[in-house]
Amino acid sequence: MSLIHFIRDNARWLAAGVLLTFISSFGQTYFISIFAGEIKAEFDLSDGDWGQLYAMGTMASGFLMIWAGATADHFRVRTLAIVVILTLVVVCLAMSAVSSWWMLVVIIFGLRFTGQGMTSHIAVVAMARWYVRARGKALSVAGAGYSTGEALLPMLFVGLLASGSWRNLWVVAAVLAGLSIPILVWLLKEERVPSVASERDDALGMRGRHWSRMDVIKDWRFWGLVPIITVTSIFGTALFFQQVHLADVKGLEHRDIVRLFPIYTITTGVSAVVSGLAIDRWGAVQLLPIIPIPMAVGFAVMGFTDSEYMMGVGFMLVGLTGGIYGTVQGAFWPEVYGTRFIGAIKALATALMVIGSAIGPALTGWGIDAGANFPQQMIWYAIYMVVISVWSIFVVTRIWPDLSPKIASV
């Protein structure tokens, strides 16, 4: 089935996925960090202080995801998503009224858990479970919500921030999130039944069976892939978290950096579609090792250059990794471990990625306070990305023999 026909025939459910990934924007680092300058100034925080507070809240949300993410195996998307979005609305309103630095930790926890964590998790699990042969296409289409949020919200809110209170903008975010609820209810009034998809033979994982989360925890290959499944969350988060600092070091205005986001977004969208089609043709496993390579080159470019043009090239390369990662990691887990327990398994992977996104801001913030600015750090991070790409090839070759003949022969 062509991509256009696939979208036409599945528009209602794909649109729900797009909406969920878009709403996740209000808990994503690229959105929260728009207000980094104002928050640090109001609460007298250094880069390291802000990074540590952010890491604490994010880390806590990651640990909660291990338990909460498994609820996607037991509740319909419509029911679970509404509860999560309502909670996100409350947390956005709380951010608009935050009055002390310690409250920031609790609010960051709420934003990261409901936004970055659960709304994204629900969307990816739904696409992975509802679609088997077209899983790559479904994940790439649903990922358009991420791209839309990245393209529109930073420019919109940075523009509004120039003439308004940062607190009032969080009220706007709460309203936008709340408006998604009736739309989601309408889109999913005819929701697909997860059990139908999860019981299909062609949704089995390695060795022709569905793996439980405990089976996955005991599989050394899962832990061997932790570096590559967290690389984008660690360093992609760090890049957007340090956007204000990056602009200062490069001698640019904050809005100059924000203007580059659409380059990242367009590249992410295109690479997501291409990688989705590639997954449906060749599978996700063999694509995994290439994830960090474009980002490694992009970080090297941004580390060495002060040119706004070359910074744009760097964001484009990082966007390539973002698009490949978003689609491949969503398809990888059901392809390798089956779909029956995909909510619990994906929750574990999501928790690790959320924890990774806590490490990035803390690590880079400590580095900045120690005297190494973010561009200087980027060179070392690029080397690390190349190393883990090579390591992941070794792990993938140990997964390949256990895949079903249908996948392994593609």
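## Salt bridges and nonpolar core

Asp256, Arg259 and Glu308 are linked in a network of salt bridges. The model is predicted, and by the rule applied here the count of salt bridges comes to five. Alongside these charged pairs, the largest nonpolar core has 131 residues, and helix α7 gives the most to this core.

**The pair Arg259 and Glu308**

- Within the network that also includes Asp256, the side chains of Arg259 and Glu308 meet at 3.8 Å, N to O.
- Arg259 lies in the loop between α16 and α17 (261-282) whereas Glu308 belongs to helix α19, so this salt bridge ties together parts that are 49 residues apart in sequence.
- Arg259 counts as partly exposed at 45% relative accessibility, and Glu308 is likewise partly exposed, with a relative accessible area of 30%.

**The pair Lys250 and Asp306**

- A salt bridge joins the side chains of Lys250 and Asp306, with an N to O distance of 3.4 Å.
- This pair links distant parts of the chain, 56 residues apart, with Lys250 in the loop between α15 (243-249) and α16 (254-258) and Asp306 in the loop between α18 (292-304) and α19 (308-337).
- The two partners differ in their surroundings, since Lys250 counts as buried at 8% relative accessibility, while Asp306 counts as exposed at 52%.

**The pair Arg167 and Glu42**

- The side chains of Arg167 and Glu42 also form a salt bridge, at 2.4 Å from N to O.
- Here, too, distant parts of the chain are linked, because Arg167 sits in helix α10 (residues 166-187) and Glu42 in helix α4 (residues 36-43), 125 residues apart.
- Arg167 counts as buried, with a relative accessibility of 18%, whereas Glu42 is partly exposed, at 43% relative accessible area.

**The nonpolar core and Met95**

- In the largest nonpolar core, the residues with the most contacts inside it are Phe31, Phe35, Met95, Trp170 and Phe299.
- Helix α7, which spans residues 101-130, contributes 14 residues to this core.
- If its neighbours within four places in sequence are left aside, Met95 is in contact with Ile39, Leu104, Ile107, Ile108, Leu111, Trp166, Arg167 and Trp170.
- Among these contacts of Met95 are Trp170 and Arg167, of which Trp170 is itself listed with the residues that have the most contacts inside the core, while Arg167 is the partner of Glu42 in a salt bridge.

Key
Residues numbered from 1 in each chain as written. Predicted model: local features only at pLDDT ≥ 70, side-chain atom pairs only at ≥ 80, totals over all residues. Heavy atoms only, no water. Core = buried A, V, L, I, M, F, W, Y, C linked by side-chain atoms within 4.5 Å. Buried < 20%, exposed > 50% of the residue type's maximum accessible area, 1.4 Å probe, protein only. Helix = DSSP H or I, 4+ residues; strand = E, 2+ residues; numbered from the N terminus. Contact = heavy atoms within 4.5 Å. Salt bridge = Lys/Arg side-chain N within 4 Å of Asp/Glu carboxyl O.
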